[in-house]
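Biologist: I would like to learn how to read a model like this one feature by feature. Could you walk me through it?

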Amino acid sequence: MRRCEFISLIGGAAAAWPLMARAQQPERIPRIAVLMNRSADSPEGQARFVAFQKTLQQLGWTNGRNIRIEVRWAEDDIDRERAYATELLALAPDVALASGTLSVAALLRVNRTLPIVFVGVTDPVGAGFVDSLARPGGNVTGFMIYEYSFGAKRLELLKQIAPNVIRTAVLRDPDNPAANAEFAAIQASAQSLKIEVSPLNSHRDAGGIEQAVTTFARSPQRWLNRNAWRVCDG
């Protein structure tokens, strides 16, 4: 074999080697991280997750075949949300699905570059997840539940139902960013309706909610209207 032919043969083999090596390596399966704000035995949560998987299958993506779905059930518990967010992102997913405001906040607390699609969020702008509804910017986009103005509308309806009400309370979870922003919208409406609104902070436990309601009911010169009570949980 001539020298030039030998050099050409070696050069061709060297160029083909990376392609051969990649062909021998198993193709990486895309990974989707799912952080749910329900418990694993929640019928609603399971129904949503099943619907998500079915839609992916219709688009040609099947869990365990050409994608891998990693799901965690955080139950809207802030500590569990943060722990699971860290755990999921350690798996190096390609994209994340976040259900609920606390799930989005937990994922953003750990990573600001991973693409995140959210569902079940009250106000992504007020919570600081996106820049605006028209142009989200950053690494987050998704679907809202409703606008904060709905909370103000409920107060208006209460005033129509019970015109003599002048003081009321709003039960909210202070750990939920959406709850605080919705309360601000309710407060703005309360001024024009001449209603004094008091926030009652509770962390979703039954004992804390009962104590907050009892304390407000016993406070002097306060009217307690059953229609005024609601949970701003985003």
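Biologist: Let me start with a helix: which residues of α7 are buried?

Modeller: A word on the basis: this is a predicted model, where local features need pLDDT of at least 70 and side-chain atom pairs count only at pLDDT 80 or more, while totals for chains, interfaces and linings use all residues. Residues are numbered from 1 along each chain as its sequence is written, and side-chain values use heavy atoms, with hydrogens and water left out. Now the general idea: buried means under 20% relative accessible area, exposed over 50%, and partly exposed in between, with a 1.4 Å probe and protein chains only. In α7 the buried residues are G208, A212 and F216. These residues cover an arc of only 65° around the axis, which puts them on the same side of α7; the arc is that of the directions from the helix axis to the C-beta atoms.

Biologist: What covers the buried residues of α7, and which exposed residues does the face turned away carry?

Modeller: The cover includes β6 (167–172) and β7 (196–201), judged by contact, which means heavy atoms within 4.5 Å. On the face turned away from the buried side sit the exposed residues A206, E210, Q211 and R218.

Biologist: How are helices and strands assigned, and how many does the protein have?

Modeller: Helices (H or I, at least four residues) and strands (E, at least two) are DSSP runs, numbered from the N terminus. Here there are seven helices and eight strands. Of the 234 residues in the protein, 37% are buried.

Biologist: How should I read a nonpolar core, and which residues touch the most other members here?

Modeller: A nonpolar core is a set of buried Ala, Val, Leu, Ile, Met, Phe, Trp, Tyr and Cys residues joined through side-chain atoms within 4.5 Å. The largest one has 20 residues, and L35, V104, L107, I116, F129 and V140 touch the most other members. Two or more residues each come from β1 (31–36), α3, β3, α4 (101–110) and β4 (116–121). The top contributor is α4, with four residues.

Biologist: Is α4 largely enclosed or open, and what does L107 touch?

Modeller: Seven of the 10 residues of α4 are buried, so this helix is largely enclosed by the rest of the structure. The buried ones are T101, L102, S103, V104, A106, L107 and L108. Leaving aside residues up to four places away in sequence, L107 touches L35, A85, L89, A96, A98 and I116.

Biologist: How do I describe an aromatic pair, and how many are there?

Modeller: A pair of aromatic rings is described by the distance of the centres and the angle of the planes. Rings of Phe, Tyr and Trp (its six-membered ring) pair if their centres lie within 6.5 Å; planes under 30 degrees apart count as stacked, over 60 as edge-to-face and the rest as tilted. The structure holds one such pair. The ring centres of F49 and W73 are 5.9 Å apart with planes at 75°, so the pair is edge-to-face. F49 lies in helix α2 (residues 43–58) and W73 in strand β2 (residues 68–73), so the pair ties together parts that are 24 residues apart in sequence. F49 counts as buried at 10% relative accessibility, and W73 does at 14%.

Biologist: Where is A92 found, and what is its phi?

Modeller: A92 lies in the loop between α3 (78–89) and β3 (95–99). Its phi is positive, about 55°, although A92 is not a glycine. With a relative accessible area of 45%, A92 is partly exposed.
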